[in-house]
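I am opening my notebook on a single protein chain, and I want to write down what I look up in the order in which I look at it.

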Amino acid sequence: MVNVSEALSLLLVGVFWGCTNPFMRKGFIETKSTKQQQQGQDDGLKSFILNKLVLLVNMKVWLPYLLNQCGSLLYYKTLASSNLTLSVPICNALSLAFSCITSALLGERMNQPRRAVFGVILVLLGVGVCMYSSEIDELARDHLLPDADINLQEQKINEYSQHFEEGEVIGEMRVDSVEDVELEL
């Protein structure tokens, strides 16, 4: 189950990734038009260096990129504590949704807006199915597996205890006490 802090982190990752993509695209288009104007003037190494400097100086390119990378750092931090099978699709789906919304707000032309909205709805429904499936699996695990898991541990402890002598090697594990066996399981 996703707790509130993980949900907010995943939402922020989707916002950072999705909202910055249209801004980066817009900044690169502006930089490209500037490069084309300067390309007729110089060729060679000087032109190459000048083009890269224009890209670095253009705040419309590096500021959204920096925010996008902040989203990536938050994503990696969130992955350490969240369910991987949920966090990856949630972040990617939210990124797509926020990218479409931001593009529309910036006035970018969509060839088929109905298809885009339908696609976003399908992706969000897919994430909902993933979350529902994860909840069902967690409920089943909480009700079924603890007893089965305890029985399996007891069987292994009993099996190892029958063959136990101080310092005996069982498989690839040297057992010095029954407590070691319980810790290994």
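The entries below go from the whole chain to single residues.

**Entry 1: the chain as a whole**

I note at the start that this is a predicted model. I counted the elements and found 6 helices and 2 strands in the protein chain, and reading from the N terminus on, I wrote their order as α-α-α-α-α-β-β-α. I then looked up how much of the chain is covered, and of its 185 residues 25% count as buried. The accessible surface comes to about 13100 Å², and carbon and sulfur atoms hold 62% of that area. For the contacts with a separation of 6 or more, I found that 71% are between residues 24 or more positions apart.

**Entry 2: helix α4**

I checked the length of helix α4, which covers residues 84-105, against what its 22 residues should span. At 1.5 Å a residue the expected span is 32 Å, and the end C-alpha atoms are 31 Å apart, so the two values agree. I also listed buried residues of α4, among them L86, I90, L94, S95 and S99. Just after α4, I saw that G107 takes a positive phi of about 85 degrees.

**Entry 3: where α1 and α4 touch**

Which residues does S95 contact, once its neighbours within four places in sequence are left aside? I found G14, W17, G18 and N21. S95 itself is found in helix α4, and I noted that it counts as buried because its relative accessibility is 11%, while the cut-off for buried is under 20%.

I then turned to G18, which lies in helix α1. G18 has a relative accessible area of 0% and is therefore buried. With the neighbours within four places in sequence again left aside, G18 is in contact with S95, F98, S99 and T102. I also took a distance from G18 to G71: they are 53 residues apart in sequence, and their C-alpha atoms are 9.6 Å apart in space.

S99 lies in helix α4, and at 14% relative accessibility S99 counts as buried. Not counting residues up to four places away in sequence, S99 touches G18, N21 and P22. I see G18 in the contacts of S95 and again in those of S99.

**Entry 4: aromatic rings**

How many aromatic pairs does a search of the whole structure find? The search gives 2. In one pair, the rings of W17 and Y75 have their centres 4.8 Å apart and their planes at 55 degrees, so I recorded this pair as tilted. W17 lies in helix α1 (residues 4-39) and Y75 in helix α3, so the pair ties together parts that are 58 residues apart in sequence. Both W17 and Y75 are buried. I added that ring pairs link W17, Y75 and Y76 into a cluster.

**Entry 5: the salt bridge**

I reminded myself that side chains of opposite charge can pair when their charged atoms come close. The structure holds 1 salt bridge, and in it the side chains of R25 and E108 meet at 3.1 Å, N to O. The pair links distant parts of the chain, with R25 in helix α1 and E108 in the loop between α4 and α5, 83 residues apart. Are these two residues buried, exposed or partly exposed? R25 counts as partly exposed because its relative accessibility is 39%, and E108 is partly exposed as well, with a relative accessible area of 29%.

**Entry 6: on the surface**

I looked for nonpolar side chains at the surface and found a patch of about 660 Å², made by L45, F48, I49, L53, L56 and V57. One of these residues, F48, has its place in helix α2, which covers residues 45-57.

My last residue was K77, which lies in helix α3 (residues 59-79). K77 counts as exposed because its relative accessibility is 61%, and the cut-off for exposed is over 50%. I also compared K77 with E6: the two are 71 residues apart in sequence, and 10.0 Å separates them in space, C-alpha to C-alpha.

Terms used. Residues numbered from 1 in each chain as written. Predicted model: local features only at pLDDT ≥ 70, side-chain atom pairs only at ≥ 80, totals over all residues. Heavy atoms only, no water. Helix = DSSP H or I, 4+ residues; strand = E, 2+ residues; numbered from the N terminus. Buried < 20%, exposed > 50% of the residue type's maximum accessible area, 1.4 Å probe, protein only. Expected span 1.5 Å × (residues − 1). Contact = heavy atoms within 4.5 Å. Areas by Shrake-Rupley, 256 points an atom, 1.4 Å probe, with all protein chains shown as cover. Patch = residues over 30% accessible without salt bridge, like charges linked within 9 Å, V, L, I, M, F, W, Y side chains within 5 Å. Salt bridge = Lys/Arg side-chain N within 4 Å of Asp/Glu carboxyl O. Phe/Tyr/Trp six-rings, centres within 6.5 Å; stacked < 30°, edge-to-face > 60°.
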